[in-house]
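This report looks at cysteines, nonpolar cores and a small set of paired strands. Please keep the sequence and the structure in view while reading.

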Amino acid sequence: MTGVAVRDAEALVFAADMYGVQMDQLASLLGDSPGTARAAAARWKELGYAETARLGPGPSWLWVTRAGLAACGLRYPAARPGLSRLAHTRAVTAVRLALSATGAWDGSGAFWRGERRIRSRHGVGVRQHLPDGEVHWPSGCGLAWEGECWAVEAELTAKTVARTTAIMREILARTGDYGAPAADASVPGRPARHTRALYVCSPAARPTVLRARASLGPGLAGRVEVRGLPSGALLT
């Protein structure tokens, strides 16, 4: 994944892709070992690649510095996780960890492309809706959904049904990659970019998401899957 010469390099890239991670989630990433997570954080901090601080409820957060981003070959702007986005960042990270822990993921070659990577690579403006992540399932992986790309949305609070429906339609109608010219974003007759949209919801958001899905009609609604948030996804 990366040529950075540091132990646990993939975990460092993971933290950068997610804007930051809480220490318990870093421990999950490194084999459910709090000691291993603390040791990795200490090494990265000594190198100047990461910083840690208690930003809100729960464990401390770790984020990647400018030097760490450069070492990983990433062009993200260096910044600590935004306080207003901590709950959402934790939830999206929990969804990614849960997906990567499934048997289908293991050995399939599937990979996650997060919102930060999409925005950085394509220079997508803030006014355009981006999914929280994309899951790419390689062709030839032997799964029923091989070759598919899923858009993933973590929903903590309920938007309006109209807004949620509009986002679903935009995701499902997209044919081009993000950052493509507007004329190529949604071209009739071309295969959809996202075979399905996976909505992972809190109990508060689930009713609105279900109503929005129902309003799409049977054709599009069949491409929207709704699941509950994994255990530990909420910021407490």
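How many disulfides does a search of the whole structure find? The search finds 0 disulfides, a disulfide being a pair of cysteine sulfur atoms within 2.5 Å. The model is predicted, so local features need pLDDT of at least 70 and side-chain atom pairs count only at pLDDT 80 or more, while totals for chains, interfaces and linings use all residues. Residues are numbered from 1 along each chain as its sequence is written, and side-chain values use heavy atoms, with hydrogens and water left out.

Two cysteines are set out below; buried means under 20% relative accessible area, exposed over 50% and partly exposed in between, with a 1.4 Å probe and protein chains only.

| Cysteine | Nearest cysteine sulfur | Relative accessibility |
|---|---|---|
| C149 | C141, 13 Å | 7%, buried |
| C201 | C149, 19 Å | 3%, buried |

The largest nonpolar core (buried Ala, Val, Leu, Ile, Met, Phe, Trp, Tyr and Cys residues joined through side-chain atoms within 4.5 Å) has 43 residues, and L26, W44, L62, W112 and V135 have the most contacts inside it. Apart from this core lies another, of 15 residues, including I171 and Y199. Leaving aside residues up to four places away in sequence, V135 touches C149, W112 and W150, among others, contact meaning heavy atoms within 4.5 Å.

An open antiparallel sheet has 3 strands in the order β1-β3-β2; strands are DSSP runs of E of at least two residues, numbered from the N terminus, and two of them pair if DSSP finds at least two bridges between them. β1 (21-22) and β2 (50-53) stand at the edges with a single partner strand each, so one side of each has no neighbour in the sheet. Q22 stands opposite W61 in β3.

Terms used
Helices (H or I, at least four residues) and strands (E, at least two) are DSSP runs, numbered from the N terminus.
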